[in-house]
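Work through the exercises below with the model open. Each task is followed by a solution in steps.

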Amino acid sequence: MKIERREVDRTAAHIVEHTADPIADPAANPMMAIRYHERGGPEVLRYERVPRPSPAAGELLVRVRASSVNPGDWQIRSGLAGDRFALPYVPGWDISGVVEQAGEGAAGFREGEEVYGMTASGGGHAEYAVIPAAQAACKPKSLSHAEAAAVPMSAFTAWRALLEQGALRPGETVLVNGAAGGVGHFAVQIAKRAGAKVVAVASGRNEAWLRELGAVEFLDYTEVPVDRSPWRADLALDAVGGPDGDRLLAAVKPGGRLVPVAFGVYSPDKAAARSVAVGEVLMPPISTDALARLAAEFDAGRLRVVLDSVYPLRDAYLAHERSEGRRLRGKIVIEMETLA
């Protein structure tokens with residue numbers, strides 16, 4: 001399976017390194033991590049020496065090889081999520097790496113085993129992270145750690161939104177808004193695998209690539225607004241969200257469904273007038289079974305992961321800047337260069 005990979009110029013990187021910061025527990029094994037002590041832009045991210053975490057019951061301590069960046073990372077960092085996550089905070093939810101230690105009751109995993117999955121509350125942008133054993137699985141054999149780290153949140157979100165929440169049926173037309181992004185490029189493939197006709201909405205530079213992934217029709221939103229789409233979808237997946245969510249209603253057939261995977265504004269009155277059912281943004285925890293199912297899809301060559309760009313841990317602020325720019329082709333990944 002061919003994986004696309006595109007590097008970003010890092011010559012302008014400014015690195016703020018704090019290796020002499022006090023460690024809460026001097027006896028703890030230290031590690032390097034990205035951490036911030038105040039909310040704000042990418043400039044608040046610090047490359048710091050911090051205590052290595054320990055696994056509690058039901059958790060794994062993973063030596064992280066790679067961690068991906070999701071929109072939620074910068075939304076939490078900027079304060080959009082309020083104060084739900086205490087400071088100082090280490091971002092990063094998706095990881096791939098090697099089991100260093102299994103906590104009590106973390107059955108089914110052994111030291112040295114390659115795993116991937118999602119942390120419970122961040123902490124993935126670090127050399128070591130703890131992860132619930134119930135949210136981890138064996139890494140897909142066909143994927144590198146960088147590729148595997150790009151999968152959990154985005155692929156699971158697309159899978160659940162289309163096949164479960166959206167109840168996609170073979171032969172239906174699916175419109176994927178934000179088709180070139182992390183969730184979107186998986187959604188195009190999953191919808192095609194489910195027997196749907198896929199309409200991909202993205203900028204024109206992504207047309208050939210998205211058709212290769214499975215899109216039958218393509219709408220360049222920079223040329224034609226999505227509310228003027230010549231196609232009417234049975235199901236629309238909105239991976240963009242924002243204040244103009246209503247524009248997607250015009251692209252859905254009467255009696256159709258709109259499933260958002262990013263927060264947006266959708267008028268109940270307008271949706272009712274068009275007889276379109278609008279779902280809620282759901283974020284259920286991922287499971288070992290779901291991760292194993294996704295791994296089987298990748299290992300069988302039925303799904304592929306595309307990396308937009310890869311950064312070393314110390315350049316995480318550049319990865320966050322790029323994620324906020326929302327001009328992606330696939331996923332952004334951070335690699336632990338010191339552990340390569």
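**Exercise 1. Find the surroundings of Gly124 in this predicted model. Which residues beyond four places in sequence is Gly124 in contact with?**

Solution.
- Step 1. Locate the residue. Gly124 sits in the loop between strand 6 (114-118) and strand 7.
- Step 2. Set aside the neighbours within four places in sequence. The contacts of Gly124 are then Val64, Ser67, Val90, Pro91, Gly92, Ile95, Thr119, Ala129 and Met336.
- Step 3. Check accessibility. The cut-off for buried is under 20% relative accessible area. Gly124 has 0%, so it counts as buried.
- Step 4. Compare sequence with space. Gly124 and Asp73 are 51 residues apart in sequence, and their C-alpha atoms are 10 Å apart.

**Exercise 2. Describe the second largest pocket. Which residues are the closest to its centre?**

Solution.
- Step 1. Take the volume. The second largest pocket has about 350 Å³.
- Step 2. Go to the centre. The lining has 20 residues, and Pro53, Val90, Gly122, Gly123 and Val130 are the closest to the centre.
- Step 3. Assign the lining to strands. Strand 2 (30-35), strand 3 (46-51) and strand 7 (128-132) each supply at least two residues. Strand 7 gives the most, with four residues.
- Step 4. Sort by class. The lining of this pocket comprises 14 nonpolar, four polar and two charged residues.
- Step 5. Link back to Exercise 1. Val90 is among the contacts of Gly124, and Val90 is also one of the residues closest to the pocket centre.

**Exercise 3. Lay out the open sheet of six strands. In what order do the strands stand?**

Solution.
- Step 1. Read the order. The strands run 11-10-9-12-13-14, with parallel pairing.
- Step 2. Find the edges. Strand 11 and strand 14 (277-278) each have a single partner strand, so each has one side without a neighbour in the sheet.
- Step 3. Look at one edge. Strand 13 (residues 252-260) pairs with strand 14 in the parallel sense over two bridges. Arg257 stands opposite Ala277 of strand 14.

**Exercise 4. Trace the chain through strands 9, 10 and 11. Which helices carry the crossovers?**

Solution.
- Step 1. Start with strand 9 (residues 173-177). Five bridges join strand 9 to strand 10, in parallel. Leu175 has Val199 of strand 10 as its bridge partner.
- Step 2. Follow the chain. From strand 9 the path goes through helix 4 (residues 182-193) to strand 10, and this β-α-β crossover is right-handed.
- Step 3. Move to the next pair. Strand 10 pairs with strand 11 (residues 217-220) in the parallel sense, over four bridges. The partner of Val199 in strand 11 is Glu217.
- Step 4. Follow the chain again. From strand 10 the path goes through helix 5 (residues 207-213) to strand 11, and this β-α-β crossover is right-handed.
- Step 5. Weigh the burial. Five of the six residues of strand 10 (residues 197-202) are buried, so the rest of the structure largely encloses this strand.

**Exercise 5. Inspect the backbone. Where do Ala167 and Ser275, with their positive phi, lie?**

Solution.
- Step 1. Begin with Ala167. Its phi is near 50°, a positive value in a residue other than glycine. Ala167 lies in the loop between helix 3 and strand 9, just after helix 3.
- Step 2. Add accessibility. Ala167 is at 36%, so it counts as partly exposed.
- Step 3. Set helix 3 (residues 152-165) beside it. The buried residues of this helix are Pro152, Ser154, Ala155, Phe156, Ala158, Trp159, Ala161 and Leu162.
- Step 4. Turn to Ser275. Its phi is near 55°, again positive in a residue other than glycine. Ser275 lies in the loop between helix 6 (268-273) and strand 14. With a relative accessible area of 45%, Ser275 is partly exposed.

**Exercise 6. Examine two loop residues, Pro88 and Glu113. Is Glu113 buried or exposed?**

Solution.
- Step 1. Place Pro88. It belongs to the loop between helix 1 (71-78) and strand 5. A cis peptide bond joins Leu87 and Pro88, with omega about -5°.
- Step 2. Place Glu113. This residue is in the loop between strand 5 (94-102) and strand 6.
- Step 3. Apply the cut-off. Glu113 has 10% relative accessibility, so it counts as buried.
- Step 4. List its contacts. Leaving aside neighbours within four places in sequence, Glu113 touches Gly97, Val98, Val99, Gly108 and Cys138.

Terms used: Residues numbered from 1 in each chain as written. Predicted model: local features only at pLDDT ≥ 70, side-chain atom pairs only at ≥ 80, totals over all residues. Heavy atoms only, no water. Buried < 20%, exposed > 50% of the residue type's maximum accessible area, 1.4 Å probe, protein only. Pairing = 2+ DSSP bridges. Right-handed = clockwise from strand over helix to strand, strands pointing away. 1 Å grid on protein atoms, 1.4 Å probe; cavity = no way out; pocket = protein on both sides within 12 Å on 5 of 7 lines; lining within 4 Å. Points joined across faces, edges and corners; volume = space filled by probe spheres on them. Nonpolar A, V, L, I, M, F, W, Y, C, P; charged D, E, K, R; others polar. Contact = heavy atoms within 4.5 Å.
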